[in-house]
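Got your viewer open? Load the model, keep a selection box handy, and follow along stop by stop.

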Amino acid sequence: MFASYMRLMRNPSTLRILLGLVFTRLATPVLSLALLLAAADKYGSYATAGGVIATHGIAQALCAAVAGRLVDRGHSGRVLTGFLLAQTCAYAALLVLLSTPVPPSAVIAGAAAMGLTTPPVSAVLRSAWPRLVAEGDLRTAYAADNMTNELMYVAGPPLVALSLEVVSATLAIGVAGTAQVLGCLILLRSPDPARGHMFRRPDAALPPPKGWAAVAGPLSHGPTAAVLAVTVLTSAAFGALRLSVVAACAAFAYPDASGYVLGLMSVGALAGAFLFGSRQWRINDQRLLFALCLTGGVLYLITGQVSSVYLVAGLVAVIGLVDGMRTGLQQVMISDRAPDHWRAETFSWLNSLMWVGYALGSALAGRLVSPAGAVGAFTAAAAVLGVASLVALTIRALRDREFV
């Protein structure tokens, strides 16, 4: 089970790349929580703080696809460097705004600048993995990529809590910025692995897309659009699940248990990502994606019917396991199916649509939960995953068709 990971780690360049990922991925959860706390402390309003966080998230989602297209059309190292310089300036400006008497609109504008200048690290690296590792290690590389993300979301909030014992939330934002800069510099200075180049120049042999395809990018490519549609739906189910778990724990008179239950989901996701990358699956990708979406839907239905917080915790951990496998699979499917001239942009869309789906699912669950529990929200999330499993069945039929 460990052989594929040991093979991946034998390359010192791969280890350095993963180290850079750890720092850049740590910056996101630390920044999100520290910015929320800093804005709430400055203005004494969680509504204002929520507006700051929402603005940052929306700006980041809107910018991601543009950044991905720039990576596909230009030298990715230069694009990453340009965004890093802009984000460093945005961090400095935000720290000044949080430390001086300015109206909330100024901090919101600073948060927007932070989001718009986020370096497209994930788009660059995830589009580059097929060139950096052997074909047999590709699933393992994406799994390791996902595990760094899950680990940092588990470790980030406690690190913020510990740092607040020593420094203010504003300074914790500076720590996030330092991690972002350090991680990007490690990636930019990583030696080229023997099998490829992380920072490639545009391939002149690739014909530029024309017409509708030039505007819509990967959304005009049938199989790619279908995988992205599955991403929106599964992310919506995930957003509904988080809120449903909080409501269910409150209904069982264990409101403080929700954090531990959601932590178990992250542990399950780590295990799922590891399991996915540890072997070559005999079932084809489309059928595996269908099975994982359908299994997740069944688990959501069952979770909505149980009457014990311990059973909810156990089921949520299994849901995390399934989600961890599915997330890795979706990245492999995008890598296999996205046209080369849209590869980085497709991974940028993947990230943006995950946030869109998460927001939609959270909003849906918010209307369905009640003091009595979250049966309706769990059921709705299961239905969304059912639709996702049906969309997964269309991926093979679409093949290389472009929507015109």
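For this tour, a salt bridge is a side-chain nitrogen of Lys or Arg within 4 Å of a carboxyl oxygen of Asp or Glu. Bear in mind as you click around that this is a predicted model.

**Stop one: Arg69 and Glu345.** Select this pair and show the side chains, which meet in a salt bridge at 2.9 Å, N to O. Now colour by helix: Arg69 sits in helix 3 (residues 46-73) and Glu345 in helix 14 (residues 343-368), so the pair ties together parts that are 276 residues apart in sequence. Switch on a surface and compare the two ends. Arg69 is partly exposed, with a relative accessible area of 25%, whereas Glu345 is buried at 2%.

**Stop two: Arg7 and Asp137.** Here is another salt bridge, with the closest N and O atoms 2.7 Å apart. Arg7 belongs to helix 1 (residues 3-9), while Asp137 is in the loop between helix 6 (121-132) and helix 7 (138-163), so this pair ties together parts that are 130 residues apart in sequence. Which partner is buried? Asp137 is, with a relative accessible area of 8%; Arg7, at 39%, is partly exposed.

**Stop three: Asp323 and Arg326.** Zoom in on helix 13 (residues 309-337), where these two are 3 residues apart and so separated by about one helical turn. They form a salt bridge too, the closest N and O atoms being 3.2 Å apart. Asp323 counts as buried at 13% relative accessibility, and Arg326 is also buried, at 7%.

While you're on charges, select Arg25, Arg126 and Asp145 together: they are linked in a network of salt bridges. How many salt bridges does a search of the whole structure find? The count is 6.

**Stop four: into the core.** Keep Asp323 displayed and add Tyr300. Leaving aside neighbours within four places in sequence, Tyr300 is in contact with Asp323, and its other contacts include Ala237, Phe238, Leu241, Ile319 and Phe378. Next, add Trp129, Val245 and Leu289: along with Tyr300, these have the most contacts inside the largest nonpolar core, which has 71 residues. Apart from that core lies another, of 24 residues; to find it, select Leu35, Ala38, Met152 and Ala172, which are among its members.

**Stop five: helix 12.** Back out to the surface and select Leu294, Val298 and Ile302. They form a nonpolar patch there, with about 230 Å² of accessible area together. Val298 is found in helix 12 (residues 285-305) and counts as partly exposed, at 44% relative accessibility. Then pick Gln305, which lies in helix 12 as well. Is Gln305 buried or exposed? At 56% relative accessibility, Gln305 counts as exposed. Try a distance label from here to Ala374: the two C-alpha atoms are separated by 9.2 Å, although the residues are 69 apart along the chain.

**Last stop: cysteines.** Select Cys89 and Cys249. Cys89 counts as exposed at 55% relative accessibility, whereas Cys249, at 1%, counts as buried. How many disulfides turn up in a search of the whole structure? The search finds 0, so there are no S–S bonds to draw, a disulfide being a pair of cysteine sulfur atoms within 2.5 Å.

Note on methods. Residues numbered from 1 in each chain as written. Predicted model: local features only at pLDDT ≥ 70, side-chain atom pairs only at ≥ 80, totals over all residues. Heavy atoms only, no water. Core = buried A, V, L, I, M, F, W, Y, C linked by side-chain atoms within 4.5 Å. Buried < 20%, exposed > 50% of the residue type's maximum accessible area, 1.4 Å probe, protein only. Contact = heavy atoms within 4.5 Å. Patch = residues over 30% accessible without salt bridge, like charges linked within 9 Å, V, L, I, M, F, W, Y side chains within 5 Å. Areas by Shrake-Rupley, 256 points an atom, 1.4 Å probe, with all protein chains shown as cover. Helix = DSSP H or I, 4+ residues; strand = E, 2+ residues; numbered from the N terminus.
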